[in-house]
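Q: Could you take a close look at the salt bridges in this model, starting with one inside a helix? After that, please walk me through whatever else helps me find my way around the structure.

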Amino acid sequence: MSRLLTTTVHISAVILTKSRPPRYLSPSQFSLPHVTSTRYYLKPHRSISIRAINSSSDTKSEDVSSENQEDKIEIKSELNNNGSLRGDDAYPTGEFEFESPGTWKSFVVKLRMLIAYPWQRVRKGSVLNLKLRGQISDQVKTRFSSGLSLPQICENLIKAAYDPRISGVYLHIETLNCGWGKIEEIRRHILDFRKSGKFIVAYAPAWGEKEYYLGCACEELYAPPSAYFSLYGLSAQASFLGGVLEKIGVEPQVQRIGKYKSAGDQLIRKNISEENREVLTTLVDNIYGNWVDKISQAKGKKKEDIESFINEGVYQIEKLKEDGWITDIKYDDEVTSMLKTKLGIAEEKKLPLVDYKKYSRVRKWTLGLSGGKDQIAVIRASGSISRVRGPFSSPNSGIIAEQFIEKIRTVRESKRYKAVIIRIDSPGGDALASDLMWREIRLLAESKPVVASMVDVAASGGYYMAMAAQTILSENLTLTGSIGVVTGKFNLGKLYERIGFNKEVISKGRFSELTAADQRPFRPDEEKLFAESAQNAYQQFRNKAAFSRSMSVDKMEEIAQGRVWSGNDAASRGLVDAIGGFSRAVAIAKHKANIPHDKQVRLVELSKSSPSLPEILSGIGSSVIGIDTALKQLMDGLTLSDGVQARMDGIMFERSEGSPFANPIFNLLKDYLSSL
């Protein structure tokens with residue numbers, strides 16, 4: 001893709017390596033390592049043929065002959081009432097089962113606590129204090145990094161369940177800026193923690209649907225009398241720059257392939273298309289329906305009553321208490337006093353709290369929660385995809401293909417890892433980078449079980465990575481798919497006239513000015529070539545997706561076309577194998593590697609990065625080298641790599657994907673950049 005400061009822009013296009021249609025093979029003609037179940041891919045309501053993926057690009061199409069029909073595997077799947085796959089019981093659930101430690105294990109744990117480093121020690125009777133607010137990353141943070149880490153939040157709750165020094169959890173919840181995939185993962189771990197019998201109490205001074213979704217999973221939920229709350233429902237936003245660009249004399253010339261591929265609409269349209277409206281309506285309905293279902297289960301209320309309450313527009317905190325939405329109205333100090341009474345601590349003494357960062361230093365080994373010689377590698381890939389690091393990129397800015405491929409090759413060449421889990425949280429980015437990573441993941445999958453676990457979003461280039469794995473998991477509401485192509489350039493002729501700028505191009509070759517001449521529109525022959533190129537790119541992307549998912553091209557065409565699906569909808573259409581989070585990914589990886597489910601394994605995080613100087617200074621309290629978050633995001637958006645993009649449409653959910661109080665100009669710029 002051309003850089004933003006130049007005049008030619010390719011938007012969300014996907015260019016794939018040339019290959020002929022895939023070859024169909026019977027199970028006897030290939031082998032997948034460590035596969036212990038014949039039910040490998042789950043495709044609902046249809047019969048499929050298992051297909052090998054040849055690592056070479058020279059493959060031929062060949063249907064399974066009638067005499068080999070016995071090699072076809074009949075796999076049927078239905079949907080549960082909540083929309084998740086009923087047929088995914090071929091995979092272990094990974095459900096948390098709390099087991100009280102025996103006498104010997106308790107003795108060993110206490111001994112390890114005695115020899116632990118001072119910074120890993122916790123006072124007996126302590127309460128784990130977790131404060132959830134703002135952004136939550138799927139990356140493991142260093143001690144100098146700021147912000148919250150999803151894996152560390154979840155690990156802290158697991159450790160606290162078994163730690164004899166922890167009496168319970170005091171959870172502070174404020175406005176969150178993350179997707180519903182992460183919210184589902186945290187909520188699951190809250191419910192798992194409650195199986196230990198210890199208390200978990202939540203306090204929420206500012207919250208909406210997402211925050212309440214977590215709070216009502218706790219044993220008790222409190223809010224102050226002046227709490228900011230909004231249980232009004234969900235909405236999605238779509239912004240359009242077509243009118244703005246028209247006024248300044250800029251004409252985007254866009255080729256959009258895929259009925260639902262709305263990336264590019266922000267540049268050429270002044271209002272929402274019916275296709276985009278359909279997608280956003282379905283996503284909002286899925287999120288809202290899931291919210292109502294889970295709240296109904298948690299509060300023991302009828303769904304109709306919950307929807308009626310939402311539609312009342314309640315704004316008085318007393319009404320929430322009266323109708324049983326919260327436990328009581330209390331200030332933070334009152335909740336603290338209540339916890340002291342619960343623990344038998346005198347009022348004049350302080351409640352022994354241990355915060356998130358300090359407790360993150362407590363090793364799982366100390367509590368007997370890790371060990372064993374078998375190792376599973378965990379590679380986390382979050383953010384926009386680029387092939388190489390840009391000049392303004394920070395060490396943790398997105399997925400850099402060069403670095404990711406280096407990790408993949410290290411794991412592939414190592415004999416220590418029995419399986420690999422790739423955690424993906426990405427809307428996509430550079431198409432070439434996505435294809436290069438796809439290739440390396442496929443090579444890795446030939447030697448070890450590879451499980452892709454998708455978080456908030458795995459679309460376009462993000463899904464491109466995931467479909468290289470042998471098994472794909474997503475959360476119920478993970479944004480998935482977006483298999484489509486949009487490419488284009490800007491015609492700046494009118495703008496140049498208005499500002500008195502002139503540009504002359506001297507060229508050789510019929511199509512040499514295809515993207516270079518931004519001072520004029522396409523010629524008819526150029527426009528034809530541009531359209532055919534985009535169509536070819538889409539076909540290759542779609543065919544490769546069909547190939548990876550053991551699906552016919554016609555079937556993939558029905559669910560591709562640039563459409564974004566929720567995790568449940570993607571699973572019912574064959575884009576995802578099972579619904580679940582990280583714990584289920586671990587269970588499946590163990591299963592594929594022939595490791596007994598009750599045997600401990602060591603999870604080796606390979607995505608930890610060395611902290612940068614600004615991160616270190618920020619971590620020790622310096623404000624001199626702080627970088628404004630909005631400015632950093634804008635700079636990251638300006639460092640898009642050259643070449644075409646495989647990027648998901650910009651979708652922002654009010655009270656779901658961002659603050660409703662954010663600067664509207666910055667939101668406009670962010671939406672614009674996300675569509676490039």
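**Salt bridges, beginning with one helical turn**

A: Glu558 and Lys555 sit three residues apart in helix H17 (residues 553-559), so about one helical turn separates them. An α-helix has 3.6 residues a turn, so residues three or four places apart point the same way. Before going on, please keep in mind that this is a predicted model. The side chains of Glu558 and Lys555 meet in a salt bridge, with 3.8 Å from N to O. How covered are the two partners? Glu558 has 55% relative accessibility and therefore counts as exposed. Lys555, with a relative accessible area of 31%, is partly exposed.

Elsewhere, salt bridges that share partners tie Asp138, Glu185, Arg188, Arg380, Arg423, Glu475 and Glu605 together in one network. One bridge to pick out here is the one between Arg380 and Asp138, whose closest N and O atoms are 3.1 Å apart. This pair connects distant parts of the chain: Arg380 belongs to strand S14, while Asp138 is in the loop between S3 and strand S4 (148-149), and their positions lie 242 residues apart in the numbering. Both Arg380 and Asp138 are buried. If you step through the model in a viewer, Arg380 and Asp138 are a good place to pause, as both belong to the network just described.

In the whole structure there are 34 salt bridges. Another of them is formed by the side chains of Glu174 and Arg133, at 3.1 Å from N to O. It too links distant parts of the chain, with Glu174 in strand S5 (residues 166-177) and Arg133 in strand S3 (residues 126-137), 41 residues apart. Are these partners buried, exposed or in between? Glu174 has a relative accessible area of 25%, which means it is partly exposed, and Arg133, at 44%, is partly exposed as well.

Let us now go back to H17 and follow the chain a little further. Gln561 lies in the loop between H17 and strand S23 (564-565). Its phi is positive, about 55°, although Gln561 is not a glycine. Most residues other than glycine have a negative phi, and most peptide bonds are trans. Another residue of this kind is Ser460, with a phi near 50°. Ser460 is in the loop between strand S19 (450-459) and helix H14 (461-466). With 1% relative accessibility, Ser460 counts as buried. A further positive phi, of about 60°, belongs to Asn594, just after H19.

That brings us to helix H19 itself, which covers residues 582-592. H19 is mostly covered, as nine of its 11 residues are buried. Which residues are they? The buried ones are Phe582, Arg584, Ala585, Val586, Ala587, Ile588, Ala589, Lys590 and Lys592.

Another buried side chain to visit is Phe309, in helix H8 (residues 303-312). Phe309 counts as buried because its relative accessible area is 5%, under the 20% cut-off. The C-alpha atoms of Phe309 and Tyr232 are 8.9 Å apart, although the two residues are separated by 77 positions along the chain.

What about empty space inside the model? Rolling a probe the size of a water molecule over the atoms shows where empty space is left. Three cavities of 30 Å³ or more turn up in a search of the whole structure. The second largest of them has a volume of about 40 Å³. Its lining is made up of Phe96, Leu157, Ile158, Ala161, His189, Asp192 and Phe193. Helix H2 (150-162) and helix H3 (180-194) are the elements that contribute two or more residues to this lining. By type, the lining residues of the second largest cavity divide into five nonpolar, one polar and one charged.

Finally, a stop on the outside. Trp104, Phe107, Leu111, Leu114, Ile115 and Trp365 make up a nonpolar patch on the surface, and together they have about 730 Å² of accessible area. One member, Trp365, is located in the loop between helix H11 (356-360) and strand S14 (375-382). At 34% relative accessibility, Trp365 is partly exposed. Strand S14 may sound familiar by now: it is also where Arg380, the partner of Asp138, is found.

Key
Residues numbered from 1 in each chain as written. Predicted model: local features only at pLDDT ≥ 70, side-chain atom pairs only at ≥ 80, totals over all residues. Heavy atoms only, no water. Patch = residues over 30% accessible without salt bridge, like charges linked within 9 Å, V, L, I, M, F, W, Y side chains within 5 Å. Areas by Shrake-Rupley, 256 points an atom, 1.4 Å probe, with all protein chains shown as cover. Salt bridge = Lys/Arg side-chain N within 4 Å of Asp/Glu carboxyl O. Helix = DSSP H or I, 4+ residues; strand = E, 2+ residues; numbered from the N terminus. Buried < 20%, exposed > 50% of the residue type's maximum accessible area, 1.4 Å probe, protein only. 1 Å grid on protein atoms, 1.4 Å probe; cavity = no way out; pocket = protein on both sides within 12 Å on 5 of 7 lines; lining within 4 Å. Points joined across faces, edges and corners; volume = space filled by probe spheres on them. Nonpolar A, V, L, I, M, F, W, Y, C, P; charged D, E, K, R; others polar.
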